[in-house]
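The following exercises concern the structure shown below. Each task is followed by a solution that proceeds in steps.

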Amino acid sequence: MSSQAIKTDNSFFEEKVKLRADNLPETDPVNVLDMFHGAGAIWEDVRKKTGRTINVLGIDKKSGMPLIYLQGDNRKFRVDYSHFHIVDCDAYGSPVTNLQDVLKRSRNPLTVFLTFIQTGMGRLPNNLLFALGYTPAMLDKCQTIFNRHGQKKLLDYLWTVGIRNVKMYSTFDKRKSYLCIKINQVADIVK
Ligand SMILES: C[S@@+](CC[C@H](N)C(=O)[O-])C[C@H]1O[C@@H](n2cnc3c(N)ncnc32)[C@H](O)[C@@H]1O
C-alpha cells in the first residue's frame, strides 16, 4: 500500500451518521457548525434519519462543493460558538487546532464531534504533544517516538482539560477514532 494517505470523505459513513443521530441535543431546532463540510452528506443523512430540524452552517476550504457554505480555511474564521449547539470536526487528520479554539472561546454547552486520524507516517500535531508536556527540545531529538499511541494521547488530553463525557468508537488498529464529546455542561461548570 502507498504511504500516501488516501483522503476519503466518508469512510465509516454509517457509523458517523449513527454517532451524530444518537447524540443530538434536545433543542429544536439543532444548530450545527460543520467545520469540515465537504458535500454535507453526513448531516443530510442525520436529518433524513431523525426527522429533526437541523440547521447547518458549513465551512470548507474547497470551492465548488454542492450546497451553500462558507469557503476558506476553518482556522481563519473567528466563529461565535454561542450560536450553535453542535460543532462538527470531521477532519482527514487530527483537528486539534479546531478543538483547542472551541475549548478556549466557547462558553455555552456544546456537543463536539471529532474525527481523529493518524495519517501517513502517523505524525501527531505539536499542539497536542505540547499540551501533554512534551517540549520542543524533546521533539527535536526524536519526533517519531512521540507519535505512538495517538488515540491514547488524545484521550489523555481530553482528560487533562476536564472533559469526562466522551463517546468513541475506533478502528481495530486505533488509527481512526470517532468521538462525541460534551463540553461546558452544567456538571463541568459546577466542578
Ligand atoms: C472527511 S471530509 C468531510 C465530509 C463531510 N463531513 C460530509 O458530510 O460530506 C473533510 C473535508 O474537510 C475539508 N477541509 C480539510 N481541511 C480544512 C480546513 N482547514 N478548513 C476547511 N475545510 C477543510 C476538505 O476539503 C474536505 O471536504
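**Exercise 1. Determine which way the residues of β4 point and whether they are buried or exposed.**

Solution. The coordinates belong to a predicted model.

Step 1. Separate the side chains by direction. Ile 86, Asp 88 and Asp 90 point one way from β4, and Val 87 and Cys 89 point the other way. In general, side chains of a regular strand alternate between the two faces of the sheet.

Step 2. Apply the burial criterion, which requires 20 or more other C-beta atoms within 10 Å. Ile 86, Val 87, Asp 88, Cys 89 and Asp 90 are all buried.

Step 3. Conclude for the strand: five of the five residues of β4 are buried, and β4 is mostly covered.

**Exercise 2. Identify the strands that pair with β4, and give the sense of pairing and the number of bridges.**

Solution. Strands of a sheet pair through backbone hydrogen bonds, in either a parallel or an antiparallel sense.

Step 1. On one side, β4 pairs with β1 in the parallel sense over three bridges. Here Leu 33 stands opposite Val 87 of β4.

Step 2. β4 is also joined to β5 by five bridges, and these two strands run parallel. In this pair, Cys 89 stands opposite Leu 114 of β5.

**Exercise 3. Establish the strand order of the sheet and locate its edges.**

Solution.

Step 1. The sheet is open, has seven strands and shows mixed pairing; its order is β3-β2-β1-β4-β5-β7-β6.

Step 2. The edge strands are β3 (70-71) and β6 (166-170), each of which pairs on one side only.

Step 3. Examine a further pair within this order. Strand β1 (residues 30-34) is parallel to strand β2 (residues 54-60), with five bridges between them. Asn 31 has Asn 55 of β2 as its bridge partner.

**Exercise 4. State which strands are touched by α1 and by α2, and with what angles these helices run.**

Solution.

Step 1. Helix α1 (residues 13-21) packs on the sheet and touches β4 (86-90), β5 (110-117), β6 and β7 (176-183). The direction of α1 makes about 10° with that of β7.

Step 2. Helix α2 (residues 41-50) also packs on the sheet, where it touches β1, β2 and β4. The direction of α2 makes about 170° with that of β2.

**Exercise 5. Describe the residues that surround the ligand.**

Solution.

Step 1. The ligand is surrounded by 18 residues, the closest being Phe 36, Gly 38, Ile 42, Asn 74 and Asp 90. Of these, Asp 90 was met in Exercise 1 as a buried residue of β4.

Step 2. Assign the shell to elements: α2 and β2 each supply at least two of its residues.

Step 3. Sort the shell by class. It holds six nonpolar, five polar and seven charged residues.

**Exercise 6. Which backbone features occur at Pro 29, Leu 67 and Lys 174?**

Solution.

Step 1. The peptide bond from Asp 28 to Pro 29 is cis, with omega near 0°. Pro 29 lies in the loop between α1 and β1.

Step 2. Leu 67 has a positive phi, near 70°, although the residue is not glycine. Leu 67 is placed in the loop between β2 and β3, and it counts as partly exposed because it has 15 C-beta neighbours inside 10 Å.

Step 3. Lys 174, likewise a residue other than glycine, has a positive phi near 65°. Lys 174 belongs to the loop between β6 and β7 and is exposed, because 12 other C-beta atoms lie within 10 Å.

**Exercise 7. Relate the overall dimensions of the protein to its chain length.**

Solution.

Step 1. The protein has seven helices and seven strands. From the N terminus on, the elements run α-β-α-β-β-β-α-β-α-α-α-β-β-α.

Step 2. The radius of gyration is 17 Å, close to the 16 Å of the globule rule for 191 residues, so the protein is as compact as a globular protein of that length.

Step 3. The C-alpha trace spans about 50 × 45 × 30 Å along its principal axes.

Step 4. Of the 191 residues, 28% count as buried. Among contacts with a separation of 6 or more, 63% join residues 24 or more positions apart.

How values were computed:
Residues are numbered from 1 along each chain as its sequence is written. This is a predicted model: local features need pLDDT of at least 70, side-chain atom pairs count only at pLDDT 80 or more; totals for chains, interfaces and linings use all residues. Two strands pair if DSSP finds at least two bridges between them. Helices (H or I, at least four residues) and strands (E, at least two) are DSSP runs, numbered from the N terminus. Two residues are in contact if their C-beta atoms, placed from the backbone, lie within 7 Å. Axes are lines fitted to C-alpha atoms, for helices over the stretch in contact, and angles run from 0 to 180 degrees between N-to-C directions. A residue is near a molecule or strand if its C-beta atom, placed from the backbone, lies within 6 Å of it. Ala, Val, Leu, Ile, Met, Phe, Trp, Tyr, Cys and Pro count as nonpolar, Asp, Glu, Lys and Arg as charged, and the others, Gly among them, as polar. The radius of gyration is taken over C-alpha atoms; the globule rule is 2.2 Å times the number of residues to the power 0.38.
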